[in-house]
Amino acid sequence: MAAPLPTLRAADVDLSTPEFWMQPAPLREAAFAALRREAPMSFHKEFEPPPDLPLPRGPGYWALVRHAEILEASRNADVFCSGRGTNIPDLPESFKEFFGSMISMDEPRHGRLRRIVSRGFTPRALGRLEDAVQRRARQTIDRVIDKGRCDFVTEIAAPLPLEIICDMMGIPESQTRFVFEKTNVILGLGDPEYVPPGTNLMVAALTAGKALADLMNDLAAERRKSPQDDLTSALLEAELEGESLTQQELASFFVLLVAAGNETTRNAISHGMKALSDFPDERRRWAADFERIAPTAIEEIVRWASPVIHFRRTATRDTELGGQKVRAGEKVVLWYNSGNRDERVFVDPYRFDITREPNPAQIGFGAGGPHFCLGANLARREMTVMFDTIRQRVPSLRITGGPDYLQSGFINGIKRMQCAWD
Ligand code: HEM
């Protein structure tokens, strides 16, 4: 059982400062608990944009903190749209070239793109990846096992999701490190370690996005000449069948895929390992009956971790949500981390329970609707195989240092966490 949370008042909660996101987790949890209890629909100002991001400070947003309102907004995409942006600030036009993929589109454009790229995520396509997932997980442990200790995040949690996305797309192994570094910049924009103070954030993000887009464009040029058995070739084939994907759509889809599929799964694995170390009874219980418990354990890890903290929607017309009037054009922010701790849905929400039922209620992959995580089944499989490999190969693995958290109100990240085994 986790320690009880301190009691805070909703009126004292300010989500819009970097300091809020630098506080220890129990204080942040207590702030969201106060909002759920006292102010389920509260209006917040936006972050002050850093001086080198030439964005006007936005008009503010409604914070959706309870499970019910998050579900309602997520599932009514015609009233709460994604096409006007899914990050809290409106991003500048120049970002759209690399970061304007389907996650920030509405129907019918979104549906058309999603239909095309879904061919990489069918049960058959995932079945074909199964061997690679198993082999890559084994290799990850092979690389470190003789050392007896390593950094869990960069050496165990990070390689598998990254290598699988590169395998899917047909990116050569020599480029995986490059992809890793560029996605760190894109998703770690608020953290000085990835973008040192004094670096222009806008330039850093655009440069990283362009580098990934260039890599994809080069690969596409090769695959046009000689197609292979990979998703890049399949997407180019879709083009030939009349469902054309422009060069820009292909490149920004790739940027979305590496950003959405990499860090999220890495962080879920790292938070999961931390939770299993903090709650050794749960770890023993899972180890004793791994296959049977795996489905609920994985959902619980995603609920516990909530690797994506929020996404935004915009009201397309005047409406009402959670008893609150929301006017056309107003922003609403879906705080998945908070919905995943909602006492109305999860009994004893601060307890890590690997057999929690029913756990499909968890909203770490999104809360339903057209944008629900396309890679959820792949992520579930990667996590299951990674924890199974750890259980079999390094059962005594324990956390010995850290975790060192990412400073972000968007990605619940762990940058480093030392571990050792006998
Ligand atoms: C534990 C790991 C993961 C988590 C927690 C996660 C979470 C999410 C969330 C919250 C969304 C937005 C849902 C919404 O707006 O309704 C999303 C969308 C998406 N995810 Fe994931 N994700 C994970 C892994 C992956 C993987 C492995 C891939 C692909 C390789 C992936 C690809 C995508 C794509 C393409 C979208 C956009 C879908 C759309 O707009 O239609 N994700 N994910």
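How do the residues of the shell around the ligand divide into nonpolar, polar and charged? In this predicted model, the division is 19 nonpolar, eight polar and two charged.

The shell can be followed from its closest members outward. There are 29 residues around the ligand, and those that come nearest are H110, R114, R313, H371 and C373. Three of these place polar side-chain atoms by ligand oxygen atoms. For H110, the separation between a polar side-chain atom and an oxygen atom of the ligand is 2.7 Å. In R114, an N or O atom of the side chain is 2.8 Å from a ligand oxygen, and in R313 a polar side-chain atom lies 2.9 Å from an oxygen atom of the ligand. Two or more residues of the shell come from each of helix 5 (109–117), helix 12 (247–278), strand 5 (310–315) and helix 16 (376–393). Of the elements, helix 12 gives the most, with seven residues.

The ligand also carries an iron atom, whose only protein donor is the SG atom of C373, at 2.3 Å. C373 belongs to the loop that runs between helix 15 (336–339) and helix 16.

Strand 5 leads from the ligand to a sheet. This open sheet has five strands in the order 1-2-8-5-3, with mixed pairing. Strand 1 (41–44) and strand 3 (80–81) are its edges; each has a single partner strand, so one side of each is left without a neighbour in the sheet. Strand 3 pairs with strand 5 in the antiparallel sense, over two bridges, and F80 has A315 of strand 5 as its bridge partner. Helix 3 (67–75) lies across strand 1, strand 2 (61–64), strand 3, strand 5 and strand 8 (331–335). The direction of helix 3 is at about 120° to strand 8.

Helix 12 leads to another sheet. Here three strands form an open sheet in the order 4-10-9, and the pairing is antiparallel. The edges are strand 4 (149–151) and strand 9 (398–405); because each has a single partner strand, one side of each is left without a neighbour in the sheet. From one strand to the next, the twist averages 10°. Three bridges join strand 4 to strand 10 (414–420) in the antiparallel sense, and C150 has C419 in strand 10 as its bridge partner. Helix 12 packs on this sheet, where it touches strand 9 and strand 10, and its direction makes about 45° with that of strand 10. Helix 12 thus appears in both settings: it gives seven residues to the shell around the ligand, and it packs on the sheet of strands 4, 10 and 9.

Conventions
Residues are numbered from 1 along each chain as its sequence is written. This is a predicted model: local features need pLDDT of at least 70, side-chain atom pairs count only at pLDDT 80 or more; totals for chains, interfaces and linings use all residues. Side-chain values use heavy atoms; hydrogens and water are left out. A residue is near a molecule or strand if one of its heavy atoms lies within 4 Å of it. A polar contact is a pair of N or O atoms within 3.5 Å; within protein, one must be able to donate a hydrogen and the other to accept it, and residues adjacent in sequence count only if both atoms are side-chain atoms. Helices (H or I, at least four residues) and strands (E, at least two) are DSSP runs, numbered from the N terminus. Ala, Val, Leu, Ile, Met, Phe, Trp, Tyr, Cys and Pro count as nonpolar, Asp, Glu, Lys and Arg as charged, and the others, Gly among them, as polar. Donors are N, O and S atoms within 2.8 Å of the metal (3.2 Å for Na, K and Ca); water is not among the atoms, so sites may look incomplete. Two strands pair if DSSP finds at least two bridges between them. Axes are lines fitted to C-alpha atoms, for helices over the stretch in contact, and angles run from 0 to 180 degrees between N-to-C directions. Contact means heavy atoms within 4.5 Å.
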